[in-house]
Amino acid sequence: MSLVLHFHPLSSFCQKVLIALYENGTPFERRIVDLGDAESGGAFRRLWPIGKMPVLRDEGRDRTTAESSIIIEYLDLFYPGPSPLTPADRALALRARLSDRLFDLHIQLPMQKIVGDRLRPPGRTDSQGVAEAKAALATAYGVLEADLGGRTWAAGDVFTMADCAAAPALFFADKVLPFRDDHRGLAAYFERLTRRPSIARTFAEAEPYLELFPG
């Protein structure tokens with residue numbers, strides 16, 4: 001098979017790419033990476049020394065592509081499906097990319113800061129950093145609540161890469177700083193996301209690993 005995805009089912013950034021693949025029914029080989037295992041982690045770092053997932057290996061084109069947003073655009077360019085995730089309309093594409101960045105940088109990253117702190121040993125936690133991350137998340141929730149307006153999806157009436165980013169970001173962020181009671185528009189949007197078959201499938205595949213999630 002030409003496409004090989006190196007990933008872990010519990011990783012939110014990996015889930016983002018899985019949603020894109022499932023959305024278009026793109027054939028690919030699944031290769032789960034265990035960074036804690038010398039053999040698995042070593043093989044992955046030889047492929048991508050940065051050591052961050054996901055990574056897409058395209059054997060047919062002899063290309064290795066990293067970073068979730070770039071992987072989705074790569075798929076749209078070289079393996080297009082019935083539902084393009086990068087809009088052809090340039091103005092809509094800009095909106096989708098902005099929303100994608102909002103979810104990645106202002107939901108995912110502060111959420112990961114909080115989660116990472118929970119994994120630290122006693123005496124090495126960063127209470128100030130966690131407080132700052134929660135404040136950043138709260139601000140981002142407000143921005144997204146206003147930005148979504150009456151739109152069905154993040155960028156408008158069509159499902160895009162931004163929605164692939166939104167689903168896992170909001171799923172995990174809600175576990176560290178719940179948003180549903182105070183952000184009704186964002187909560188309704190998240191409910192629409194969870195009913196999408198590609199997202200429901202991705203979440204179901206991650207469920208056996210949720211016991212690894214701290215708290």
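**Rings, charges and a pocket**

In this predicted model, R61 lies over the face of F78, with 3.7 Å to the ring centre.

Reader: Which ring has the charged end of R196 over it?
Author: Think of the R61 and F78 arrangement, where R61 lies over a ring face. Here the charged end of R196 sits 4.2 Å from a ring centre, and that ring belongs to F159.

Reader: What kind of aromatic pair do F179 and F190 form?
Author: Two numbers describe a pair of rings: the distance of the centres and the angle of the planes. For F179 and F190, the centres are 6.0 Å apart and the planes make 85°. Planes over 60 degrees apart count as edge-to-face, so with its 85° the pair of F179 and F190 is edge-to-face.

Reader: Are F179 and F190 buried or exposed?
Author: Let's place them: F179 is in the loop between α6 and α7, while F190 is in helix α7, eleven residues apart. As for accessibility, F179 and F190 are both buried.

Reader: Which element gives the largest share of the lining of the largest pocket?
Author: That pocket holds about 1000 Å³ of space. It has 34 lining residues, and the closest to its centre are S11, S12, F13, M53 and Q112. Two or more lining residues come from each of α1, α3, α4 and α6. With ten residues, the largest share comes from α4.

Reader: How many residues of that lining are nonpolar?
Author: The lining of the largest pocket divides into three groups. Seven residues are charged and eight are polar, and the nonpolar ones number 19.

Conventions
Residues numbered from 1 in each chain as written. Predicted model: local features only at pLDDT ≥ 70, side-chain atom pairs only at ≥ 80, totals over all residues. Heavy atoms only, no water. 1 Å grid on protein atoms, 1.4 Å probe; cavity = no way out; pocket = protein on both sides within 12 Å on 5 of 7 lines; lining within 4 Å. Points joined across faces, edges and corners; volume = space filled by probe spheres on them. Helix = DSSP H or I, 4+ residues; strand = E, 2+ residues; numbered from the N terminus. Nonpolar A, V, L, I, M, F, W, Y, C, P; charged D, E, K, R; others polar. Phe/Tyr/Trp six-rings, centres within 6.5 Å; stacked < 30°, edge-to-face > 60°. Buried < 20%, exposed > 50% of the residue type's maximum accessible area, 1.4 Å probe, protein only. Lys NZ or Arg CZ within 6 Å of the ring centre and 35° of its normal.
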